Amino acid sequence: MTSLVERLRVRSDRGPIYNADVAEDSDEEFLDPEHGSSRHKIEKIVRDDGVSPLNDIDKILDCEMRPTVADDSDASKLGSKQIFVKQYLVKWKGLSYLHCTWVPEKEFLKAYKAHPRLRTKINNFQRQTSSTNISEDEFVAIRPEWTTVDRILACREDEDEKKYFVKWKELPYDECYWESESDISSFQQEIERFNRIQSRRHKLSSSKQKSNNRDATESKQKHKEFQHYDRSPEFLSGGSLHPYQLEGLNFLRFSWSKQTHVILADEMGLGKTIQSIAFLASLFEDNLSPHLVVAPLSTLRNWEREFATWAPQMNVVMYVGSAQARAVIREYEFYFPKNHKKIKKKKSSQIFGESKQDRIKFDVLLTSYEMINLDTTSLKPIQWECLIVDEGHRLKNKDSKLFSSFKQYSSKHRVLLTGTPLQVC
């Protein structure tokens, strides 16, 4: 794997790197195949309970003959200190792909007797390798995306250094791990984005307090205001809208101002997704959120990419995956931590705390039809500002299960998107 070292990010010296748990091997050095003669010491891992560190293997990713340093007896026979030995690329339990390391085969052979499951892992890896039709040149053990920070979910202080709970690109939320700040320092943009979202927590609290003191009539009047866009709005960063897309945006804004639920039925390929994102971004500019976008599972990635292109200022969360992955999303992405400070209303002696609705962290939640039916308990209590249903013709009729599920959700405005021709009677 010629580019493995390049794909693994620069990490601190505290990174967990495997070394043999044997005294005579404690000074062994490995050659980096990418840099020829450059050598680096491998940190020794010793478990306090005396169990082999190989028991902490999550999975085996690859196997290669790799250069290493021979001991003195082998060097005298071979006439050189550099030899090639069989090594396995290992991912460790509780650690991300950023910390994968190479382990010599001899360490597995030593541990087989005490830990027979290791032999099973090796056999399973060899069986999977032989059954795949991918050529050696095409095979990639660690994809670059798996060591690229997608989102940062939380932060904590640990031994005088910050640690971040990281979601990696193209990996689900149940494969998030805590990483030292020094290990992900090259992803400063993602760290700044996390800090920016966290700073909105304080602004959100103050704006919520002001809205509670605002006259209800004035708030309702503001909701009915219609702003016509003559050109593509400046808050859209993906480029300029086509004239027909701008017309669609104005149509959605006008319908919202009249509190009229609508169907946007453009033909396929005319940018209904972008028009919808522009509409939600315009509501975001008015401090209106959260919004729910429901689409087929196969199109959610496209929605996520378009949001990142056209409205990166919005905090968009994709809610799909296994039960464990969704539990992580609910814990870290749904709500800001509870503020225990009580707020006292003006002109009243009443004291109240923040509701869960006040602590919502995301601006847009992307999810699939399946999740609408499956996780009603988590999604139904949220008061949605706008609900957008992609391929709305799938609702079919009022007796369908999906239609019945949507009836349980509370939203101020609803938009159905469809590219299927409508028959008007």
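User: What makes R151 and E333 a salt bridge?
Analyst: The term requires a side-chain nitrogen of Lys or Arg within 4 Å of a carboxyl oxygen of Asp or Glu. The closest N and O atoms of R151 and E333 are 2.7 Å apart, so the pair meets the cut-off. It links distant parts of the chain, with R151 in strand β6 and E333 in helix α10, 182 residues apart. This is a predicted model, in which local features need pLDDT of at least 70, side-chain atom pairs count only at pLDDT 80 or more, and totals for chains, interfaces and linings use all residues. Residues are numbered from 1 along each chain as its sequence is written, and side-chain values use heavy atoms, with hydrogens and water left out.

User: Are R151 and E333 buried or exposed?
Analyst: Both are buried. Buried means under 20% relative accessible area, exposed over 50%, and partly exposed in between, with a 1.4 Å probe and protein chains only. Of the 425 residues of the protein chain, 44% count as buried.

User: How do you know which parts are called helix and strand?
Analyst: They are DSSP runs numbered from the N terminus: helices are H or I with at least four residues, strands E with at least two. The protein chain has 13 helices and 16 strands.

User: In what order do β6, β7 and β8 stand, and what makes some of them edge strands?
Analyst: The open sheet has the order β6-β7-β8, with antiparallel pairing. β6 (149-158) and β8 (177-180) each have a single partner strand, so one side of each is left without a neighbour in the sheet. Neighbouring strands are turned by 35° against each other on average, direction ignored.

User: Why do β6 and β7 count as paired?
Analyst: Two strands pair if DSSP finds at least two bridges between them. β6 and β7 (residues 161-168) have eight bridges, in the antiparallel sense, and therefore satisfy the rule. One of the bridge pairs joins D158 with E161 in β7.

User: How does helix α10 lie relative to this sheet?
Analyst: α10 (residues 323-334) lies across β6, β7 and β8, at about 70° to β6. Such angles run from 0 to 180 degrees between N-to-C directions, the axes being lines fitted to C-alpha atoms, for helices over the stretch in contact. Contact means heavy atoms within 4.5 Å.

User: How do you know where the buried residues of α10 sit around its axis?
Analyst: The buried residues are A325, R326, V328, I329, Y332, E333 and F334. They cover an arc of only 165° around the axis, which puts them on the same side of α10. The arc is that of the directions from the helix axis to the C-beta atoms. The face turned away from that side carries the exposed residues A323, Q324 and E331.

User: What makes D58 and K91 another salt bridge, and how is each classed by accessibility?
Analyst: Their closest N and O atoms are 3.1 Å apart, so the distance criterion is met. D58 has 30% relative accessibility and counts as partly exposed, whereas K91, at 0%, counts as buried. The structure holds 15 salt bridges.

User: Which residues are linked in a network of salt bridges?
Analyst: R143, E145 and E170 are. E170 and R143 meet at 2.9 Å, N to O. E170 lies in the loop between β7 and β8 and R143 in the loop between α4 (117-131) and β6, so the pair ties together parts 27 residues apart in sequence. Both are classed as partly exposed, E170 at 44% and R143 at 36%.

User: Why is K272 not given a salt bridge?
Analyst: The nearest side chain of opposite charge, D390, is 6.1 Å away, so the salt-bridge limit is not met. Lys and Arg count as positive and Asp and Glu as negative, while His and the chain ends are not counted. K272 lies in helix α8 (residues 272-285) and is buried.

User: How do you know that N287 is exposed?
Analyst: Its relative accessibility is 70%, which therefore passes the limit for exposed. N287 lies in the loop between α8 and β10, and its phi is near 60°, a positive value in a residue other than glycine. P290 lies in that loop too, and the peptide bond from S289 to P290 is cis, with omega near 5°.
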